[in-house]
Amino acid sequence: MNRKFTRREFGMMAGAGVAASTLAAPAIGQAKPKLVVVGGGPGGATVARYVAKDSKGAIDVTLIEANARHTTCFFSNLYIGGLRSFDSITHGYDKLKSDYGINVVQAFAIGVDAARRTVTVAGGETFSYDKLVVAPGIDFEYDAYEGYSKEVAETFPHAWQAGPQSQILRRQLEAMEDGGVFLIAPPPNPFRCPPGPYERISLVAQYLKQNKPRSKIIAVDAKDKFSKQALFQEGWARHYEGMIEWLPLNITGGVKKVDVRGKTLHTGGESFKGDVINIIPPQRAGAIALAAGLANESGWCPIDPFTMASTRVPHAYVIGDSSIAAQMPKSGFSANSQAKACAMAIRAALTGSRAFEPRYSNTCWSLIANGDGVKVGASYQATKEKIASTDTFISKTGEDAATRTATAEEAEGWYAGIVADIFG
Ligand SMILES: Cc1cc2nc3c(=O)[nH]c(=O)nc-3n(C[C@H](O)[C@H](O)[C@H](O)COP(=O)(O)OP(=O)(O)OC[C@H]3O[C@@H](n4cnc5c(N)ncnc54)[C@H](O)[C@@H]3O)c2cc1C
């Protein structure tokens, strides 16, 4: 990528009050500083776009992403529940290439050499960097339950990385007989999208109520409480009376063993049979983060709260679900917010541009039924120890229908806005 500045862009740079010298644009013939980003989800694609956009060509940006297109996990429950098409939650990288000059490489990163500052992808090609962002999302603890494995997840899908897994779950729900049991096993903390399993229960319930009303949902949880619990349970009683049975850890002891042939989940005590079984296993940072030495013994990656820089590997940053962002939940909103702070820090490090104190925020909307939306959110501040919440808000139980409809509409608006901010 050797894009020349247009006269207008130079004008904009001067107009923004950025002295040309602080941008440290390389002299003719001198190589530009290089940013390599691994993972083109809400975290990685946003950081790539913001660095490319705001450095106006002064930094060479390469985005390494395993897939040609990204299906967002957010709104994938709407797809599973029949409220959205698969295409409407799937996005390509064309604009990042054409409008921002990002070098998008479709490949799976398998290793990082921190001393040489290179990333290697399957097939052997290497990419050198001055700064590296690792944003691979999550991976799963497939050995958490006896009888469970990556292969079993093709039969009992997690659908916790959106894409083919979401399609399997949708097809299974469509094929289920009326009167069947949808069995779901939400994961222990910490995990991607704390309200996500409960939004899934809600939207599966809505689909079943409309199409297979004699069916039941049983949730065998690995926790005793969950995000927005009062709101969800109030909504379940209102919309889906008698359909959903949520069982906390202290009742069942959690899933211990998975029997694929018998379509059964065994806990410490009772066993549960399902017609469609959705196991969402325990999670950790994406494999490349572990391979690169970015994760600590918790399986997640510690970061500097001000910049998202790794505290373990020099010149590397971790954003999104793989990072330990303390009080920020693992959400698409958080990943996008962290990416912007990280982009500012990287530009400052590579070009000498000014960095301001980062401001982080998050809102997680959930649908309890079509047009019945609730939300929880906060603003966050970087402190020496962690990213700490400064104020929080949450929908209230007993809200009127108009408020809930407005919240659901807000979520639709947010989706349109954030995918434009991520993918251009
Ligand atoms: C059902 C569900 C509902 C959700 N709803 C919401 C919501 O309403 N609001 C919200 O804010 N969040 C929601 N989330 C959470 C949100 O989707 C995640 O927090 C977010 O996707 C995290 O972004 P990320 O960039 O860290 O990871 P990801 O979105 O997982 O992106 C990582 C990318 O990296 C790529 N990758 C991984 N490893 C490699 C490698 N080695 N080489 C190359 N590429 C690689 C992957 O292919 C992927 O494209 C939901 C999640 C789920 C599962």
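Student: Which elements each supply at least two residues of the lining of the second largest pocket?

Tutor: They are β21 (323-324), α11 (332-351), β22 (359-369), β23 (372-382) and β24 (387-394). Helices (H or I, at least four residues) and strands (E, at least two) are DSSP runs, counted from the N terminus. Keep in mind that this is a predicted model, where local features need pLDDT of at least 70, side-chain atom pairs count only at pLDDT 80 or more, and totals for chains, interfaces and linings use all residues. Residue numbers start from 1 along each chain as its sequence is written, and side-chain values use heavy atoms, with hydrogens and water left out.

Student: What makes a space a pocket and not a cavity?

Tutor: Both are sets of points on a 1 Å grid over the protein atoms alone. In a cavity a 1.4 Å probe fits but cannot get out, whereas a pocket is an open set with protein on both sides within 12 Å along at least five of seven lines. Lining residues have an atom within 4 Å of a point. The second largest pocket holds about 540 Å³, and P194, Q327, M328, P329 and K330 are the closest of its 33 lining residues to its centre.

Student: How many cavities of 30 Å³ or more are there by this rule?

Tutor: One. The largest cavity has a volume of about 70 Å³, where volume is the space filled by probe spheres set on the points, joined across faces, edges and corners. Helix α12 (401-423) is among the elements with two or more lining residues and gives the most, four.

Student: Why is G235 called buried?

Tutor: Buried means under 20% relative accessible area (1.4 Å probe, protein chains only). G235 has 0%, so it is buried. You'll find G235 in helix α8 (residues 229-239). Its C-alpha lies 8.6 Å from that of D372, although the two are 137 residues apart in sequence.

Student: What makes β14 (255-259) and β16 (271-273) edge strands?

Tutor: Each pairs on one side only. The open sheet runs β14-β15-β16, with antiparallel pairing.

Student: How do you know that β15 and β16 pair?

Tutor: Two strands pair if DSSP finds at least two bridges between them. Three bridges join β15 (residues 264-267) to β16, so the rule of at least two is met. As an example, T264 has K273 of β16 as its bridge partner.

Methods. Buried < 20%, exposed > 50% of the residue type's maximum accessible area, 1.4 Å probe, protein only.
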